[in-house]
2 protein chains.
Amino acid sequence: MKGKPFDPIPRGKRAFEEVAGAIKNTILGRVWSPGERLPSETELASQFGVSRHTIREALRTLELSGLIAIRTGVAGGPVVKDTIMASIGNLYLDAFQMEKISVEEFTGARQAIEKVILDDAFDNAGQEDIENLRRNVAKAKALVAKREIAKDVNFEFHSLLARASKNKVFVILEKTINTIHHDLRSRSPVDFKTTKAAVEAHEMLLDALISKERDKAMSILVKHIAAVRKSYH
Amino acid sequence: MKGKPFDPIPRGKRAFEEVAGAIKNTILGRVWSPGERLPSETELASQFGVSRHTIREALRTLELSGLIAIRTGVAGGPVVKDTIMASIGNLYLDAFQMEKISVEEFTGARQAIEKVILDDAFDNAGQEDIENLRRNVAKAKALVAKREIAKDVNFEFHSLLARASKNKVFVILEKTINTIHHDLRSRSPVDFKTTKAAVEAHEMLLDALISKERDKAMSILVKHIAAVRKSYH
DNA sequence: TCACATTTGTCCGTATGTATC
DNA sequence: AGATACATACGGACAAATGTG
């Protein structure tokens, strides 16, 4: 049992904002961690001293922020999650549509950002990062050998590269890039040839990284992303 | 008068999600543009054939996404806005707290990204961009001469640089960087010396840009951002 | 300045759907 | 299969904010 960390809220801003802020603080402060269940709506309503409707609006904002998920049913209720990156990616999609950003602009930015990430990975990647990348490529090659699509595994390669840069900002940026890439890709079917080419590029990139051939790795990366762009339609 | 672009909604997903999606499409599709007022909650409720409560939850999500703002009072109601960048910035702040991202990591990423932006600005900046940057620096120098804080003007310099890169993705990224920077800065008072140093760095950077001294500009930029980091505390 | 109309903010009560045990 | 504990949605009511005459 976890007690009642919530006090009745004062009325400065809108009530649901106060409630959302209070719950958010308990999540960011690790009072509850991802996976744990928050109290039900009625319970929260009584603890905060507000109506269920107010609680619902607060939970809506937290849900959209990617801090919680809500399940119906008897064992349901608000559960702490950390899908903030996906939420950021969704907002970027909105922004792209509002600003009418082209696939060319996105690809250009992606090339530049991933070059930066790769550059940092050259400086900061440890043995463990190399091993993770090796395993990823091996897994992808195994799938290709069975003529299966290795989409998720290929996404993971770039995430691992970002993690090897040792900068969590790049990890976040890479996740948003993945979200947008995933959205663009979802409009056109993924064919086997594209997957196979990507895996080959990843393998060459990893080899260049291991043998410390920076310029070679950069040129492979740029060509790889340019090839990915062509698969969008 | 603008008619009634909304049809009664079917019940597949949650009702408020359908409503939010429908309204979002009208905004992204420019049926309404920023500044225009959407119908009131009761009006929307009757058009969609749902309760006002459902409409309110839908509007909440759109508000948090930065697509609309809501004002109370007789001339109030939901107004179309485009503050998506601010929303993205806020989510990044959450992510930073969840992942415990350090100021050093943020600064490192900022240096790398702004270097990329500057590099593109060297290739793509037109005469108009140079003029805008010139005017910005002149305005900032005038404020410094009066010993005033030129915070907003200094933010604008980096935005103008992003625009000169001719890639809207960088414009968006720069806005999120500004939001985070603004949050970090808001915790410590802005002193005059920092502002003055920033303006001087901007002027040197612009000179190097005009005289096409790429390496010099890069080194000025990196030092400038490092100096900004020290002003956070 | 003051009353008034409009719109959001909040509350209460009720009914229904849904997932778990 | 049925009871239970949740979220989802509806309707009505009043308070608070805000622009208008």
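Helix axes here are lines fitted to C-alpha atoms over the stretch in contact, and the angle between two axes runs from 0 to 180 degrees between N-to-C directions. All views show a predicted model.

**View 1. Packing of helix H4 of chain A with helix H1 of chain B.** H4(A) covers residues 84-99 and H1(B) covers residues 15-28. The two helices pack at an angle of about 35°, and their axes are 10 Å apart. From H4(A), Asp94(A), Gln97(A) and Met98(A) meet Lys24(B), Ile27(B) and Leu28(B) of H1(B). By class, this contact has three nonpolar, one polar and two charged residues.

**View 2. Domains of chain A.** The domain assignment places residues 15-82 in domain 1 and residues 85-230 in domain 2. Taken over C-alpha atoms, the centres of the two domains are separated by 34 Å.

**View 3. Protein surface near DNA strand C.** Strand C is surrounded by 25 residues, of which the closest are Arg14(A), Ala15(A), Thr54(A), Val74(A) and Arg52(B). These 25 residues divide into eight nonpolar, nine polar and eight charged. Sugar or phosphate accounts for 71% of the strand C atoms within 4 Å of the protein, and bases for the rest.

**View 4. Polar atoms at DNA strand C.** An N or O atom in the side chain of Arg14(A) is 2.7 Å from a phosphate oxygen of strand C. For Ala15(A), a polar backbone atom is 2.3 Å from a phosphate oxygen. A base oxygen of strand C lies 3.2 Å from a backbone N or O atom of Val74(B). Elements giving two or more residues to the surface near the strand include H1 (15-28) and H3 (52-65) of chain A, and E1 (68-71) and E2 (77-80) of chain B. H3(B) gives the most, with three residues.

Technical notes. Residues numbered from 1 in each chain as written. Chains lettered and ligands numbered in written order. Predicted model: local features only at pLDDT ≥ 70, side-chain atom pairs only at ≥ 80, totals over all residues. Heavy atoms only, no water. Helix = DSSP H or I, 4+ residues; strand = E, 2+ residues; numbered from the N terminus. Contact = heavy atoms within 4.5 Å. Nonpolar A, V, L, I, M, F, W, Y, C, P; charged D, E, K, R; others polar. Domains from an automatic or database assignment. Near = heavy atom within 4 Å. Polar contact = N/O pair within 3.5 Å; in protein donor to acceptor, adjacent residues only side chain to side chain.
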